[in-house]
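Welcome! Here is a short guided walk for anyone meeting this structure for the first time.

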Amino acid sequence: MELICSHEKCTGCQACRMACPKHCISMKEDDKGNIYPAVDQTLCIDCRRCQKVCPSLNPPVFSKQPLKVYAGWVKDKKARKYSTSGGISYVLSKHFLEKKDVFCGALWTNDGAVHKLSSDIADIKKYQGSKYSHSDVKDCYKEIREELKLGRHVLFTGTPCQVAALRKYLNKEYENLFTVDIICHGVPSRRILRDRIKDIEQEHGKKVVEMRFRDKQPDQLHTCCKYIFEDGTFVLHEYSKDFFSRSFVDNYALRENCFNCNYSRIQRVSDITMADFWGYQPKSLKFIKYELGVSIIIVNSEKGERLIDMVKDSIVYEERDYHECINRNMYKPQLKPDDYDLYWTDYERGNIPKSEIQRKYLTSPTPFLTTWKYEMRKFVNAFFPENFMNKVRAILKIIRKIR
Ligand SMILES: Cc1cc2nc3c(=O)[nH]c(=O)nc-3n(C[C@H](O)[C@H](O)[C@H](O)COP(=O)(O)OP(=O)(O)OC[C@H]3O[C@@H](n4cnc5c(N)ncnc54)[C@H](O)[C@@H]3O)c2cc1C
Ligand code: SF4
Ligand code: SF4
Ligand code: SF4
């Protein structure tokens with residue numbers, strides 16, 4: 001076996017590596033910083049087990065239409081603020097960790113984002129927050145299988161391709177396994193993030209120990225990339241101007257296969273799908289405080305309904321129609337920029353300053369608030385109570401309805 005599946009399709013999920021009976025597959029990073037399986041030909045017995053478990057070669061079973069769609073967030077304000085969106089993932093992990101069941105999700109390490117299992121509630125904070133980077137699943141699927149066989153309840157959260165890989169690897173349905181995926185823009189190269197961190201470290205002369213992507217600022221108006229140093233200090237870079245974040249949202253940093261993503265669809269591979277509820281408009285004053293982060297919660301299975309039932313007392317939620325979820329990544333994959341290869345040629349040459357690459361390629365209008373809107377909202381928030389504008393908007397909407 002030389003090539004398990006093409007780079008255009010390979011998600012780097014590692015199901016093949018974990019399934020190989022001869023342990024002759026290892027993951028190797030390419031020049032762009034993306035991991036792919038490499039087979040040691042001297043040990044391979046050509047059994048093709050790797051290809052049988054590969055979710056890119058054998059598409060998984062998808063759910064049909066969503067059973068229910070909710071807008072919601074965690075009631076605990078601190079937890080919501082520390083989460084990237086509405087903190088639904090936080091309440092679900094809390095439920096499992098508090099009962100000493102097993103939770104598996106992405107956390108930040110010196111080696112970037114990795115997936116890990118835990119049964120310790122003390123770990124909960126590490127899982128909070130989206131790590132906008134390809135998370136290395138290490139041996140998690142194997143470890144999950146062991147836990148499932150012992151009869152323990154396991155909750156796995158990850159990208160849809162990781163959930164599909166886990167299910168292919170397990171090769172049977174377990175009643176005690178629960179899965180949650182995200183609506184996924186794609187995962188950016190681990191190399192660009194690593195290089196960005198090195199640049200920040202050089203600039204400030206100290207080591208970065210953690211990153212918070214889309215960190216919610218105290219005024220709740222803007223999201224920032226937060227680089228946290230070993231001495232506890234940090235720097236904030238406005239998301240729309242940060243080299244790494246721009247390369248991600250403008251798609252230059254994405255893995256090749258994300259442009260052919262098989263999971264950008266309404267039918268899902270998990271019990272629950274979470275995402276940001278972009279364009280959310282509250283229907284009543286109870287839901288007015290949505291600017292702290294609001295999630296879409298898509299229930300795809302009966303197990304998903306059970307999950308929501310388990311945490312319903314800890315969340316604020318209302319049923320919505322899925323047509324209201326304006327989330328492009330639910331319908332089609334991101335587009336590969338025409339000059340993607342040119343960006344990478346420049347990047348890999350290494351002798352062009354990042355500012356020059358940014359000027360040359362990362363020029364599309366920022367998808368976030370434009371500067372003048374941001375400044376205006378900052379002004380309003382400085383002089384009026386929290387959520388003043390939300391209340392004005394909701395009242396106007398109600399008046400319009402009455403008229
Ligand atoms: C790479 C990536 C791309 C995304 N793209 C979109 C998008 O296009 N549109 C959209 O609406 N939402 C997207 N999301 C989801 C969004 O950022 C929130 O994670 C989601 O709305 C849930 O929010 P939350 O507040 O409940 O959880 P969060 O606080 O965001 O917690 C994140 C949960 O996701 C898991 N996770 C974190 N990082 C990773 C990772 N790198 N790989 C796999 N799992 C991870 C953690 O285990 C944790 O359980 C993306 C998330 C990631 C990680
Ligand atoms: S063909 Fe079999 S032995 Fe060879 S890499 Fe694949 S799983 Fe391993
Ligand atoms: S199983 Fe995953 S890592 Fe292996 S070839 Fe298929 S997609 Fe790539
Ligand atoms: S865009 Fe698709 S292929 Fe890429 S990480 Fe997300 S789910 Fe996986």
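A good place to begin is the second largest pocket of this predicted model. Its lining is made by 23 residues, and N110, D111, G112, R190 and R194 are the ones nearest the centre. The space inside comes to about 420 Å³. Sorted by class, the lining of this pocket holds eight nonpolar, five polar and ten charged residues.

Which elements supply at least two residues each to this lining? They are β1, β4, β5, α8 (190-204) and β8 (208-216). Helix α8 gives the most, with six residues.

**The sheet of eight strands**

Two of those elements, β4 and β5, also belong to an open sheet of eight strands. Reading across this sheet, the order is β5-β4-β6-β7-β11-β12-β3-β13, and the pairing is mixed. The edges are formed by β5 (112-118) and β13 (315-319), each of which pairs on one side only. Direction ignored, neighbouring strands here are turned by 25 degrees against each other on average.

Inside this sheet, β11 (residues 272-276) and β12 (residues 295-299) are antiparallel partners, joined over five bridges. To find one of their bridges, look for A275, whose partner in β12 is I296.

Helices accompany the sheet as well. Helix α4 (residues 88-98) lies across β3 (68-74), β4 (102-109), β5, β6 (154-158), β7 (177-182), β11, β12 and β13, and runs at about 80 degrees to β3. Helix α7 (residues 160-170) packs on the sheet too, where it touches β5, β6 and β7. The direction of α7 makes about 155 degrees with that of β7.

**The sheet of three strands**

Strand β8, already met at the pocket, is part of an open sheet of three strands with the order β8-β9-β10 and antiparallel pairing. Why does one side of β8 and one side of β10 (234-238) lack a neighbour in the sheet? Both strands stand at the edges with a single partner strand each, so one side is left without a neighbour. From one strand to the next, the twist averages 20 degrees.

Strand β9 (residues 223-229) pairs with β10 over five bridges in the antiparallel sense, and C225 stands opposite H237 in β10. Helix α8 returns here: it packs on the sheet and touches β8, β9 and β10, with its direction at about 110 degrees to that of β8.

**A hairpin**

Strand β1, another contributor to the pocket lining, has a partner of its own. β1 (residues 25-29) and β2 (residues 35-39) run antiparallel and are joined by five bridges. Within this pair, S26 stands opposite A38 in β2. Five residues lie between the two strands of the hairpin, where G33 takes a positive phi near 90 degrees.

**Around two ligands**

Finally, have a look at the residues around ligand 3 and ligand 4. Among those around ligand 3 are C5, C10, C13, C16 and C54, together with others such as P37, P55 and S56. Around ligand 4 are P160, C161, C184, G186, V187, N257, C258 and C261.

The table sets out the classes of residue in each shell.

| Shell | Nonpolar | Polar | Charged |
|---|---|---|---|
| Ligand 3 | eight residues | four residues | no residues |
| Ligand 4 | six residues | two residues | no residues |

How many charged residues does the shell around ligand 4 have? There are no charged residues in that shell, and the shell around ligand 3 has no charged residues either. The lining of the second largest pocket, in contrast, includes ten charged residues.

Note on methods
Residues are numbered from 1 along each chain as its sequence is written. Chains are lettered from A and ligands numbered from 1 in the order in which they are written. This is a predicted model: local features need pLDDT of at least 70, side-chain atom pairs count only at pLDDT 80 or more; totals for chains, interfaces and linings use all residues. Side-chain values use heavy atoms; hydrogens and water are left out. Two strands pair if DSSP finds at least two bridges between them. Helices (H or I, at least four residues) and strands (E, at least two) are DSSP runs, numbered from the N terminus. A residue is near a molecule or strand if one of its heavy atoms lies within 4 Å of it. Ala, Val, Leu, Ile, Met, Phe, Trp, Tyr, Cys and Pro count as nonpolar, Asp, Glu, Lys and Arg as charged, and the others, Gly among them, as polar. Axes are lines fitted to C-alpha atoms, for helices over the stretch in contact, and angles run from 0 to 180 degrees between N-to-C directions. Contact means heavy atoms within 4.5 Å. On a 1 Å grid over the protein atoms alone, a cavity is a set of points where a 1.4 Å probe fits but cannot get out, and a pocket is an open set with protein on both sides within 12 Å along at least five of seven lines; lining residues have an atom within 4 Å of a point. Grid points are joined across faces, edges and corners, and a volume is the space filled by probe spheres set on the points.
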